[in-house]
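Work through these short exercises with the sequence and the structure at hand. Try each task before you read its solution.

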Amino acid sequence: MIPERGVGLPPLTGGLNYRQDILTLRSNEGHVIRNCNIDRNGVASTRRGLRCLNPSAPLSTPVTGICQFSRSVGTGITRTVVVTAGTNIYTWSTVTNTFTDIGNLSNDTRPSMINFLTAASTSVLLIANGTDFYKYDGTTIANATAAFPSTSMPRYLMVYDNRLAASGCDNDPNVVFMSNLRDASTWVVTNYFMFESDMDRERVTGLGTMYSFLTVMKRNSVYIVTEGDPASGTVKQLQVASGYGTPSHWSLTTLGENLYFADDQSVYRGRLTELVQ
(Lines give C-alpha, C1' and ligand atoms only; values in the text may rest on other atoms or scores of the structure.)
Protein backbone atom coordinates (compact mmCIF):
# COMPACT_ATOMS: atom_id res chain seq x y z
CA MET A 1 0.00 0.00 0.00
CA ILE A 2 1.20 3.54 -0.78
CA PRO A 3 -0.23 6.90 0.40
CA GLU A 4 -2.51 8.81 -1.94
CA ARG A 5 -2.23 12.57 -2.43
CA GLY A 6 -4.94 14.77 -0.96
CA VAL A 7 -7.15 16.95 -3.18
CA GLY A 8 -8.25 20.43 -2.07
CA LEU A 9 -11.94 21.37 -2.16
CA PRO A 10 -13.64 24.83 -2.18
CA PRO A 11 -14.16 26.33 1.31
CA LEU A 12 -17.32 24.90 2.88
CA THR A 13 -18.10 27.97 4.93
CA GLY A 14 -21.84 27.31 4.51
CA GLY A 15 -21.51 23.98 6.30
CA LEU A 16 -23.73 20.95 5.66
CA ASN A 17 -27.17 21.30 4.12
CA TYR A 18 -29.37 18.19 4.34
CA ARG A 19 -32.66 19.92 3.55
CA GLN A 20 -32.23 21.14 0.00
CA ASP A 21 -32.09 19.15 -3.19
CA ILE A 22 -28.47 18.41 -4.02
CA LEU A 23 -28.77 20.44 -7.24
CA THR A 24 -29.79 23.58 -5.32
CA LEU A 25 -26.87 23.64 -2.89
CA ARG A 26 -24.76 26.76 -2.75
CA SER A 27 -21.12 26.59 -3.78
CA ASN A 28 -20.00 26.81 -0.16
CA GLU A 29 -22.31 24.07 1.14
CA GLY A 30 -21.99 20.31 1.29
CA HIS A 31 -24.63 17.60 1.33
CA VAL A 32 -22.52 14.54 2.17
CA ILE A 33 -18.86 14.91 3.08
CA ARG A 34 -17.08 11.62 3.48
CA ASN A 35 -13.38 10.86 4.09
CA CYS A 36 -12.46 14.54 4.25
CA ASN A 37 -10.66 16.81 6.68
CA ILE A 38 -12.07 20.29 7.37
CA ASP A 39 -9.89 22.94 8.99
CA ARG A 40 -11.04 25.83 11.20
CA ASN A 41 -11.53 28.07 8.16
CA GLY A 42 -13.93 25.63 6.53
CA VAL A 43 -11.41 24.49 3.92
CA ALA A 44 -11.87 20.81 3.14
CA SER A 45 -9.45 18.34 1.60
CA THR A 46 -9.76 14.68 0.87
CA ARG A 47 -8.28 12.48 3.54
CA ARG A 48 -5.12 10.81 2.30
CA GLY A 49 -5.69 7.08 2.16
CA LEU A 50 -3.80 4.10 0.83
CA ARG A 51 -3.79 2.48 -2.57
CA CYS A 52 -2.99 -1.16 -3.23
CA LEU A 53 -0.07 -1.52 -5.63
CA ASN A 54 -0.89 -4.95 -6.99
CA PRO A 55 -4.56 -5.90 -6.55
CA SER A 56 -4.60 -8.15 -9.63
CA ALA A 57 -1.22 -9.84 -9.10
CA PRO A 58 -0.45 -10.27 -5.40
CA LEU A 59 3.00 -11.45 -4.36
CA SER A 60 3.25 -15.08 -3.38
CA THR A 61 4.90 -14.42 0.00
CA PRO A 62 4.14 -11.90 2.79
CA VAL A 63 5.62 -8.43 2.43
CA THR A 64 8.26 -7.66 5.08
CA GLY A 65 9.42 -4.21 4.03
CA ILE A 66 8.65 -1.22 1.78
CA CYS A 67 10.96 1.73 1.09
CA GLN A 68 11.02 4.59 -1.41
CA PHE A 69 14.45 4.95 -3.00
CA SER A 70 15.08 8.46 -4.34
CA ARG A 71 18.01 9.30 -6.60
CA SER A 72 19.07 12.06 -8.99
CA VAL A 73 18.86 11.23 -12.68
CA GLY A 74 19.85 14.08 -14.99
CA THR A 75 18.07 17.19 -13.76
CA GLY A 76 15.27 15.32 -12.03
CA ILE A 77 14.58 12.90 -9.20
CA THR A 78 13.66 9.27 -9.83
CA ARG A 79 11.71 7.51 -7.09
CA THR A 80 11.55 3.74 -6.95
CA VAL A 81 9.48 1.66 -4.56
CA VAL A 82 11.57 -1.23 -3.20
CA VAL A 83 9.67 -4.11 -1.61
CA THR A 84 10.88 -7.19 0.24
CA ALA A 85 8.58 -10.21 0.39
CA GLY A 86 9.73 -13.55 1.75
CA THR A 87 13.33 -13.82 0.61
CA ASN A 88 12.84 -11.74 -2.55
CA ILE A 89 13.67 -8.09 -3.24
CA TYR A 90 11.47 -6.32 -5.80
CA THR A 91 11.11 -2.95 -7.44
CA TRP A 92 7.66 -1.71 -8.42
CA SER A 93 7.05 0.19 -11.67
CA THR A 94 4.65 3.13 -11.52
CA VAL A 95 4.29 2.86 -15.31
CA THR A 96 3.40 -0.82 -15.72
CA ASN A 97 2.15 -1.49 -12.16
CA THR A 98 4.34 -4.60 -12.04
CA PHE A 99 7.05 -5.95 -9.75
CA THR A 100 10.56 -6.87 -10.92
CA ASP A 101 12.63 -9.34 -8.89
CA ILE A 102 16.08 -7.77 -8.42
CA GLY A 103 17.65 -9.97 -5.73
CA ASN A 104 17.32 -12.45 -2.89
CA LEU A 105 17.83 -12.47 0.86
CA SER A 106 19.01 -15.43 2.90
CA ASN A 107 15.92 -15.35 5.14
CA ASP A 108 12.56 -13.61 5.45
CA THR A 109 13.46 -11.49 8.50
CA ARG A 110 12.23 -7.92 8.18
CA PRO A 111 15.11 -5.84 6.83
CA SER A 112 16.17 -2.31 7.58
CA MET A 113 16.29 -0.15 4.40
CA ILE A 114 17.59 3.40 4.16
CA ASN A 115 18.70 5.95 1.54
CA PHE A 116 22.28 7.22 1.67
CA LEU A 117 23.81 10.14 -0.28
CA THR A 118 27.50 9.68 -1.11
CA ALA A 119 30.25 12.28 -1.52
CA ALA A 120 29.77 12.02 -5.30
CA SER A 121 26.12 13.10 -4.82
CA THR A 122 24.88 9.69 -5.90
CA SER A 123 22.30 7.81 -3.87
CA VAL A 124 22.33 4.18 -2.80
CA LEU A 125 19.77 2.14 -0.88
CA LEU A 126 21.22 0.03 1.95
CA ILE A 127 19.42 -3.17 3.00
CA ALA A 128 20.33 -5.24 6.08
CA ASN A 129 18.61 -8.03 8.04
CA GLY A 130 21.30 -9.48 10.33
CA THR A 131 22.45 -11.98 7.71
CA ASP A 132 22.55 -10.00 4.46
CA PHE A 133 23.93 -6.53 3.80
CA TYR A 134 23.23 -5.13 0.32
CA LYS A 135 23.41 -1.86 -1.57
CA TYR A 136 21.24 -0.91 -4.55
CA ASP A 137 22.09 1.96 -6.92
CA GLY A 138 18.92 1.86 -9.01
CA THR A 139 20.37 -0.59 -11.50
CA THR A 140 22.43 -3.19 -9.67
CA ILE A 141 22.12 -4.80 -6.26
CA ALA A 142 25.44 -5.87 -4.72
CA ASN A 143 26.96 -7.00 -1.43
CA ALA A 144 27.98 -4.25 1.00
CA THR A 145 29.79 -6.68 3.28
CA ALA A 146 33.34 -6.37 1.93
CA ALA A 147 34.70 -3.72 4.30
CA PHE A 148 32.21 -4.04 7.15
CA PRO A 149 34.23 -4.38 10.39
CA SER A 150 32.11 -7.00 12.18
CA THR A 151 32.15 -10.74 11.51
CA SER A 152 28.33 -10.64 11.53
CA MET A 153 25.98 -8.39 9.57
CA PRO A 154 23.88 -5.48 10.93
CA ARG A 155 20.12 -5.51 11.45
CA TYR A 156 19.54 -1.79 12.01
CA LEU A 157 20.62 1.09 9.79
CA MET A 158 20.37 4.85 10.24
CA VAL A 159 21.95 7.84 8.50
CA TYR A 160 23.47 10.26 10.99
CA ASP A 161 25.89 13.14 10.53
CA ASN A 162 26.48 12.10 6.88
CA ARG A 163 27.59 8.64 8.00
CA LEU A 164 25.89 5.26 7.98
CA ALA A 165 25.25 3.92 11.48
CA ALA A 166 24.89 0.13 11.63
CA SER A 167 24.05 -2.05 14.62
CA GLY A 168 22.32 -5.25 15.67
CA CYS A 169 25.24 -7.54 14.81
CA ASP A 170 25.05 -10.87 16.63
CA ASN A 171 28.79 -10.95 17.30
CA ASP A 172 28.87 -7.29 18.43
CA PRO A 173 25.45 -6.80 20.05
CA ASN A 174 26.36 -3.65 22.00
CA VAL A 175 28.20 -1.84 19.21
CA VAL A 176 27.11 0.83 16.72
CA PHE A 177 29.54 0.98 13.79
CA MET A 178 29.99 4.27 11.90
CA SER A 179 31.05 4.47 8.26
CA ASN A 180 33.42 7.03 6.83
CA LEU A 181 32.02 10.47 6.06
CA ARG A 182 29.54 10.29 3.13
CA ASP A 183 30.84 6.85 2.23
CA ALA A 184 28.73 3.82 3.21
CA SER A 185 31.25 1.43 1.65
CA THR A 186 34.30 2.38 3.72
CA TRP A 187 34.68 1.57 7.41
CA VAL A 188 37.48 1.96 9.96
CA VAL A 189 37.58 -0.92 12.43
CA THR A 190 38.07 1.45 15.37
CA ASN A 191 35.19 3.76 14.41
CA TYR A 192 32.38 2.53 16.61
CA PHE A 193 30.45 3.35 19.78
CA MET A 194 30.22 0.73 22.53
CA PHE A 195 27.07 0.73 24.68
CA GLU A 196 27.90 -1.50 27.60
CA SER A 197 28.36 -0.95 31.31
CA ASP A 198 28.32 -2.97 34.51
CA MET A 199 24.59 -2.26 34.85
CA ASP A 200 23.55 -2.52 31.20
CA ARG A 201 24.76 -5.43 29.11
CA GLU A 202 21.68 -5.76 26.89
CA ARG A 203 22.06 -5.67 23.12
CA VAL A 204 21.19 -2.64 21.01
CA THR A 205 17.61 -2.99 19.75
CA GLY A 206 17.17 0.06 17.51
CA LEU A 207 18.56 3.28 16.05
CA GLY A 208 16.95 6.66 15.47
CA THR A 209 17.66 10.38 15.36
CA MET A 210 16.45 13.26 17.51
CA TYR A 211 17.48 16.91 17.21
CA SER A 212 21.11 16.67 16.07
CA PHE A 213 21.71 13.44 17.99
CA LEU A 214 21.86 9.76 17.16
CA THR A 215 19.44 7.83 19.38
CA VAL A 216 20.46 4.32 20.45
CA MET A 217 17.80 2.14 22.00
CA LYS A 218 17.94 -0.92 24.22
CA ARG A 219 15.08 -2.80 25.83
CA ASN A 220 15.41 -0.85 29.10
CA SER A 221 17.53 2.20 28.28
CA VAL A 222 17.96 5.08 25.83
CA TYR A 223 21.25 6.69 24.80
CA ILE A 224 22.21 9.63 22.60
CA VAL A 225 25.42 10.36 20.69
CA THR A 226 26.25 14.00 19.96
CA GLU A 227 28.48 13.52 16.88
CA GLY A 228 28.91 10.89 14.19
CA ASP A 229 32.69 10.55 14.38
CA PRO A 230 33.75 8.22 17.22
CA ALA A 231 37.31 9.58 16.96
CA SER A 232 36.22 13.16 17.64
CA GLY A 233 37.57 14.72 20.81
CA THR A 234 34.26 16.44 21.53
CA VAL A 235 31.78 13.61 20.93
CA LYS A 236 29.65 12.58 23.90
CA GLN A 237 27.80 9.36 24.56
CA LEU A 238 25.06 9.82 27.16
CA GLN A 239 22.38 7.69 28.75
CA VAL A 240 19.18 9.76 28.88
CA ALA A 241 16.69 7.15 30.15
CA SER A 242 16.86 4.08 32.37
CA GLY A 243 14.06 1.58 32.85
CA TYR A 244 12.48 2.58 29.53
CA GLY A 245 13.28 1.38 26.02
CA THR A 246 12.04 -0.73 23.16
CA PRO A 247 12.62 -4.28 21.95
CA SER A 248 12.18 -3.28 18.30
CA HIS A 249 13.91 -0.97 15.85
CA TRP A 250 10.51 -0.50 14.14
CA SER A 251 8.80 0.67 17.33
CA LEU A 252 10.44 4.09 17.52
CA THR A 253 9.98 7.29 15.54
CA THR A 254 10.70 10.98 15.91
CA LEU A 255 7.99 13.62 15.53
CA GLY A 256 9.16 17.20 15.97
CA GLU A 257 11.11 17.40 19.21
CA ASN A 258 9.60 14.22 20.64
CA LEU A 259 10.83 10.65 20.48
CA TYR A 260 8.07 8.04 20.51
CA PHE A 261 8.78 4.39 21.24
CA ALA A 262 6.92 1.33 22.44
CA ASP A 263 7.68 -1.75 24.48
CA ASP A 264 5.55 -4.86 24.94
CA GLN A 265 2.89 -3.03 26.96
CA SER A 266 3.06 0.75 26.55
CA VAL A 267 3.86 3.62 24.21
CA TYR A 268 6.21 6.32 25.50
CA ARG A 269 7.10 9.86 24.54
CA GLY A 270 10.57 11.11 25.32
CA ARG A 271 11.74 14.71 25.17
CA LEU A 272 15.16 16.13 25.96
CA THR A 273 14.69 18.85 28.56
CA GLU A 274 18.24 20.16 28.79
CA LEU A 275 20.71 21.20 26.16
CA VAL A 276 23.75 18.93 25.96
CA GLN A 277 26.74 21.17 26.58
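**Exercise 1.** In this predicted model, find the order and the pairing of the four strands that form an open sheet.

*Solution.* Start with the order. The four strands run E7-E8-E9-E10. Next, take the pairing: this open sheet is antiparallel. Then look at the edges. Strand E7 (63-73) and strand E10 (99-104) each pair on one side only. Last, take the twist, which averages 30 degrees from one strand to the next.

**Exercise 2.** State how many bridges join E7 to strand E8, and find the bridge partner of Ser-70.

*Solution.* First, locate strand E8 at residues 76-85. E7 and E8 run antiparallel, and 10 bridges join them. Now follow Ser-70 across to E8. The bridge partner there is Arg-79.

**Exercise 3.** Decide whether Ser-221 is buried or exposed, and list its contacts beyond four places in sequence.

*Solution.* Place the residue first: Ser-221 lies in strand E21, residues 221-225. Its relative accessible area is 2%. Buried means under 20%, so Ser-221 is buried. Now leave aside the neighbours within four places in sequence. Ser-221 is then in contact with Asp-200, Val-216, Gln-239, Ala-241, Tyr-244 and Gly-245.

**Exercise 4.** Classify Asp-39 by its relative accessible area, and give its C-alpha separation from Leu-12.

*Solution.* Asp-39 sits in the loop between strand E4 (36-38) and strand E5 (44-46). Its relative accessible area is 38%. Partly exposed covers values between 20% and 50%, so Asp-39 is partly exposed. Now turn to Leu-12, 27 residues from Asp-39 along the chain. The C-alpha atoms of Asp-39 and Leu-12 are separated by 9.8 Å.

How values were computed: Residues are numbered from 1 along each chain as its sequence is written. This is a predicted model: local features need pLDDT of at least 70, side-chain atom pairs count only at pLDDT 80 or more; totals for chains, interfaces and linings use all residues. Side-chain values use heavy atoms; hydrogens and water are left out. Helices (H or I, at least four residues) and strands (E, at least two) are DSSP runs, numbered from the N terminus. Buried means under 20% relative accessible area, exposed over 50%, partly exposed in between (1.4 Å probe, protein chains only). Contact means heavy atoms within 4.5 Å. Two strands pair if DSSP finds at least two bridges between them. Axes are lines fitted to C-alpha atoms, for helices over the stretch in contact, and angles run from 0 to 180 degrees between N-to-C directions.
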